[in-house]
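Here is a short, friendly tour of one protein model. Have the sequence and the 3D view open as you read.

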Amino acid sequence: MKTRGERYVAERLKRPAARRAFREGWNELRLAARIAYLRQQSGLSQTQVAARMGTSAAVISRIESGKLGSVRTLKKLADALGLALYIDFRGRANSRRRSAYSFSVSSLDA
């Protein structure tokens, strides 16, 4: 049996605009989690990455919580981690609207 909250979410996600917003937010959270993972894999703290970028640890914390900021900020972050930032536009197979976007932060070796 679903909780009241689960029923509320299921009902809201029936709306196309809500589904789009959820998808966009989900993608941003996935990217934020990927950034945090890559930072941890490189053995750097948020403070260390912030110092390399010339910003504060609070900015890195916000990025890793899903508030990604500008492309310029993401580029600086990738540089601070020794990574490459790729921004891509792709068509969707299951949609009439053929535009989409994706961000990727990857190791230069990948």
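## A stacked aromatic pair and two helix crossings

Trp-26 has a relative accessible area of 47%, so this residue counts as partly exposed. Please keep in mind that this is a predicted model. The partner of Trp-26 is Phe-22, and the structure holds 1 aromatic pair. The ring centres of Phe-22 and Trp-26 lie 6.3 Å apart and the ring planes meet at 10°, so the pair is stacked. Why is it called stacked? Planes under 30 degrees apart fall in that class, and the planes of Phe-22 and Trp-26 are at 10°.

Both residues sit in helix 2, which covers residues 16-41. Phe-22 and Trp-26 are 4 residues apart there, about one turn of the helix. Phe-22 is also partly exposed, with a relative accessibility of 48%.

Now for the overall picture. The protein chain contains 5 helices and 2 strands, and along the sequence the order is α-α-α-α-α-β-β. The chain has 110 residues, of which 25% count as buried. About 8,000 Å² of the protein chain is exposed, and 53% of that area comes from carbon and sulfur atoms. Among contacts with a separation of 6 or more, 42% join residues 24 or more positions apart.

Next, the helix packing. Two packed helices are described by the angle between their axes and the distance between the axes. Here are the values for two pairs that involve helix 3.

| Helix pair | Angle between axes | Distance between axes |
|---|---|---|
| Helix 3 (residues 46-53) and helix 4 (residues 57-64) | about 110° | 8 Å |
| Helix 3 and helix 5 (residues 71-81) | about 110° | 9 Å |

With the angle of about 110° between helix 3 and helix 5, helix 3 is roughly perpendicular to helix 5. Helix 3 and helix 4 are likewise roughly perpendicular to each other. The crossing of helix 3 and helix 4 is right-handed, and helix 3 passes helix 5 in a right-handed crossing as well.

Which residues of helix 3 and helix 4 meet? On the helix 3 side they are Gln-46, Thr-47, Val-49, Ala-50 and Met-53, and on the helix 4 side Ala-57, Ile-60, Ser-61 and Glu-64. Towards helix 5, helix 3 offers Val-49, Arg-52 and Met-53, which meet Thr-73, Lys-76, Leu-77, Ala-80 and Leu-81. Val-49 and Met-53 thus appear in the contacts with helix 4 and again in those with helix 5.

Is Arg-39 buried or exposed? Arg-39 belongs to helix 2, and its relative accessibility is 8%, so the residue counts as buried. Leaving aside residues up to four places away in sequence, Arg-39 touches Leu-44, Ser-45, Gln-46, Val-49, Ile-60, Glu-64 and Leu-81. Several of these names are familiar from the helix packing: Gln-46 and Val-49 take part on the helix 3 side, and Ile-60 and Glu-64 on the helix 4 side. Leu-81 is one of the helix 5 residues that meet helix 3.

A last stop is Ala-84, found in strand 1, which spans residues 83-89. Ala-84 counts as buried, with a relative accessibility of 14%. Its C-alpha atom is 9.9 Å from that of Leu-74, and these two residues are 10 residues apart along the chain.

How values were computed: Residues are numbered from 1 along each chain as its sequence is written. This is a predicted model: local features need pLDDT of at least 70, side-chain atom pairs count only at pLDDT 80 or more; totals for chains, interfaces and linings use all residues. Side-chain values use heavy atoms; hydrogens and water are left out. Buried means under 20% relative accessible area, exposed over 50%, partly exposed in between (1.4 Å probe, protein chains only). Contact means heavy atoms within 4.5 Å. Accessible areas come from the Shrake-Rupley method with a 1.4 Å probe; for residues, only the protein chains shown count as cover. Rings of Phe, Tyr and Trp (its six-membered ring) pair if their centres lie within 6.5 Å; planes under 30 degrees apart count as stacked, over 60 as edge-to-face and the rest as tilted. Axes are lines fitted to C-alpha atoms, for helices over the stretch in contact, and angles run from 0 to 180 degrees between N-to-C directions. Angles under 35 degrees count as roughly parallel, over 145 as roughly antiparallel, 65 to 115 as roughly perpendicular and the rest as oblique. A crossing is left-handed if the near helix is turned anticlockwise from the far one by less than a right angle, and right-handed if clockwise.
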